[in-house]
Structure formats: structure tokens, C-alpha cells
Amino acid sequence: MPAKASRAAFGEAILELGAQDPRIVVVDADLRKSTMTSAFAKAYPGRAFNVGIAESNMIGIGAGLALAGKIPFICSFACFVVGRFETIRVSVAYTRANVKIVGTHAGIAIGEDGYSQMGLEDIACLRALPNIPIIQPADEIETKQAVAYAVEHQGPLYLRLTRQNLEPVSPPGYRFQFGKAVVLRPGGDVTILASGGPLFNVLKAAEKLEGEGVKVEVINVACIKPLDEELIVRSARKTGRVVTVEDHSIRGGLGSAVSELLAEVHPTPVKRLGIQGFGESGDPKGLYAKHGLDPDGIARSVMKFLNR
């Protein structure tokens, strides 16, 4: 299976699901081509709404549609849609409106567009709100299954999607389960928890570390909220060391969620790898390398963490 951006997989999934469920509608804020909802809009023009550059309005319209019985997917860049935090807080989280928030172009790997377009604080914002689960799929298969789940999920939900292509990482026969993480590679020396964009690099880093005699347990945490607490704690107990890897601010994201869990349940040394400070414009692979999210950078950080 070729690499595919999770935003592209979302566009294909929502088109297919739209044929099966007439309650599904799509609302965009002038970025239909970027959020990959153009095909849905062409197929179902009466169920697709482009409100222009007015994200707060989009969220309010989405909440109204949800409270009227529709299943709206409101779509924009992660930084733009979650940047309207106060509207999400009152119109979606507080009312528990059945709105599916879709944030594309997450992380520094969007590349040349630079920091103003990068969703780097979106997980941190939405983790603070009650009632909104957060799902970050890692490849095409997982994305399409997560979108199908979102349709069935009662209440708000946030899907965090990539601009860049994602290499397949899901095991054969994989089935997405809400609130569940998946062990992609068993190991006993250190646990690495990751999801979305950097996960393929984590698997490559684990291969490198195997050559250094370090057996890494790699876990795909597609559901960042709620966490699969049982699996994470079990792995932490086994390895005694946990590393988190994410294309998001090092504060408030996956690493913070895992650290909070382990601090309360099973105190474990944790190393968080993510974005320190602001993003910048550049080649996606170059940015990952600069911020230590490429296979070599992840492997180096793990070896240093283990004092090897």
C-alpha cells in the first residue's frame, strides 16, 4: 500500500460514508481543497457548506446542525479551527453537540508554510476541555477506520490529520478500537509511545536501536484522549523507561498526558520528544531532523535517555 496523507484518506472515507448515511454533512472555512472535502461537496452539494474564512461561524453552524440531528464534520487546518477555542468550548464541548472537528495540516511536517499554518498546540487546547476525545491516526487504514468510528460516536470528537504522506504502519487485520493503543513492536528495554506523523520514524529508530542491543517496545497511541491506561502502564512496568514522540508542542500533548498518567499510577522515568518553541518554514524531512524526530534523532535521544 503506497504512502498517503491522512487528510487524503479522510476525504476518501467521508465520500464513501456519505453515500451510506444522509445525516453526514461537511462544513469548511475556505479550505475545501486542502481538507480534501471537494469530492464530497461535488457528490453532495446540498450537504456541503463553505462558510469562507470564518472559523468561529463554522463551529457554530456545525453545532447547530448537530443539535438538529445531522452529523457535521467541520474542517480546517488544525491551528485555525482549534484557534477558535472559546467557540469550541461553549458551542461544542459544553453542549456535547455531535460535532466532528477535523484539524488537518498538523505539526511541523506541513513544511514550507511555516509556523502560522502549523497546528502545534491543538492537542494541548482540546485536552483541557471535557467531552472531546482526540484521535490521531497513523496511516491510511487507521484513518479510514477512525472516520467510520467518528460517525458512530455519540458526541464531539477531534480528528488530527497530516498534510504529508504517511507510510503504512498498521499490522495485518488491524481494527481501530476507541480508547485502545496497539503494540506494533514488542520489546523489554524501553517503551516508545507515538502516533500520527512520526510513528514510521519511531519504527525505523527501533530497528536501529535493535542493532545496538536495545529492544524497543513501540506502541501506537492513536487515541490520545482517552488514553489506553492499562496497556501503557503494563508496558511501563515491563520496561521501566518510557519515551513519547509527537509532532506537537512538547507541552500539553501526548507526552504530557502519559506523564500525568504515570505520575499518578506508576511513577516511571519519561523522556518527551516533540517541538520546543515555535515551528518554522522548511523541508518536512529537514524539520523533523532538526527537531530530533527523524529515525537517527529518535535513536540518539533514546540511547542518551538509557545512559548508553
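I count two strands as paired if DSSP finds at least two bridges between them. The model I am reading is predicted.

**Entry 1. The five-strand sheet**

I began with the strand order. Five strands make an open sheet, ordered 9-11-10-13-14, and the pairing is mixed. Strand 9 (182-185) and strand 14 (270-275) are at the edges with a single partner strand each, so each has one side without a neighbour in the sheet. From one strand to the next, I find an average twist of 25 degrees.

Next I went through the pairs. Strand 13 (residues 242-249) and strand 14 run parallel and are joined by five bridges. Val245 is placed opposite Leu273 of strand 14. Helix 9 packs on this sheet and touches strand 9, strand 10 (190-194), strand 11 (216-220) and strand 13. The direction of helix 9 makes about 170 degrees with that of strand 11.

Strand 11 has partners in strand 9 and strand 10. Strand 9 runs antiparallel to strand 11, with three bridges between them. There, Val183 has Ile219 as its bridge partner. Strand 10 runs parallel to strand 11, and I note five bridges. Thr191 is matched with Glu217 of strand 11.

**Entry 2. Burial of strand 11**

How many of the residues of strand 11 are buried? Five of the five are, so strand 11 is largely enclosed by the rest of the structure. My cut-off for buried is under 20% relative accessible area. I then sorted the strand by face. In a regular strand, side chains alternate between the two faces of the sheet. Val216, Val218 and Asn220 point one way, Glu217 and Ile219 the other, and all are buried. That list includes Glu217, the bridge partner of Thr191.

**Entry 3. The seven-strand sheet**

I turned to the other open sheet. Seven strands lie in the order 3-2-4-5-7-6-12, again with mixed pairing. Strand 3 (48-50) and strand 12 are the edge strands, and each pairs on one side only. Strand 2 (residues 24-28) is joined to strand 3 by three bridges, and the two run parallel. Val26 has Ala48 of strand 3 as its bridge partner.

I checked strand 5 on both sides. Strand 4 (residues 71-77) pairs with strand 5 in the parallel sense over five bridges. Strand 7 (residues 157-160) also runs parallel to strand 5, with four bridges. Ile101 appears in both pairings: Ile74 stands opposite it, and Tyr158 is its bridge partner in strand 7.

I asked which residues cover each face of strand 5. Lys100, Val102 and Thr104 lie on one side, Ile101 and Gly103 on the other, and all are buried. Five of the five residues of strand 5 (residues 100-104) are buried, so this strand too is largely enclosed by the rest of the structure.

Helix 1 (residues 6-20) lies across strand 2, strand 4 and strand 5. Helix 1 runs at about 140 degrees to strand 2.

**Entry 4. Thr37**

Where is Thr37 placed? I find it in the loop between helix 2 (32-35) and helix 3 (38-43). Is Thr37 buried or exposed? Its relative accessibility is 0%, so I log Thr37 as buried. Leaving out residues up to four places away in sequence, Thr37 touches Phe10, Val26, Asp28, Arg32 and Cys75. One of these, Val26, is the bridge partner of Ala48.

**Entry 5. Pockets**

I then looked for empty space. The largest pocket holds about 400 Å³. I list 17 lining residues, with Gln164, Asn165, Asn201, Lys285 and Tyr288 nearest the centre. Strand 8 (165-166), helix 9 (199-211) and helix 12 (284-290) each give two or more residues to this lining. Helix 12 has the largest share, three residues. By class, I log eight nonpolar, five polar and four charged residues.

The second largest pocket holds about 160 Å³. Its lining is Arg127, Ile224, Lys225, Pro226, Leu227, Glu229, Ala257, Glu260 and Leu261. Strand 12 (223-225) and helix 11 (254-265) supply at least two residues each. Helix 11 gives the most, three residues. I log five nonpolar, no polar and four charged residues for this lining.

How values were computed:
Residues are numbered from 1 along each chain as its sequence is written. This is a predicted model: local features need pLDDT of at least 70, side-chain atom pairs count only at pLDDT 80 or more; totals for chains, interfaces and linings use all residues. Side-chain values use heavy atoms; hydrogens and water are left out. On a 1 Å grid over the protein atoms alone, a cavity is a set of points where a 1.4 Å probe fits but cannot get out, and a pocket is an open set with protein on both sides within 12 Å along at least five of seven lines; lining residues have an atom within 4 Å of a point. Grid points are joined across faces, edges and corners, and a volume is the space filled by probe spheres set on the points. Ala, Val, Leu, Ile, Met, Phe, Trp, Tyr, Cys and Pro count as nonpolar, Asp, Glu, Lys and Arg as charged, and the others, Gly among them, as polar. Buried means under 20% relative accessible area, exposed over 50%, partly exposed in between (1.4 Å probe, protein chains only). Axes are lines fitted to C-alpha atoms, for helices over the stretch in contact, and angles run from 0 to 180 degrees between N-to-C directions. Contact means heavy atoms within 4.5 Å.
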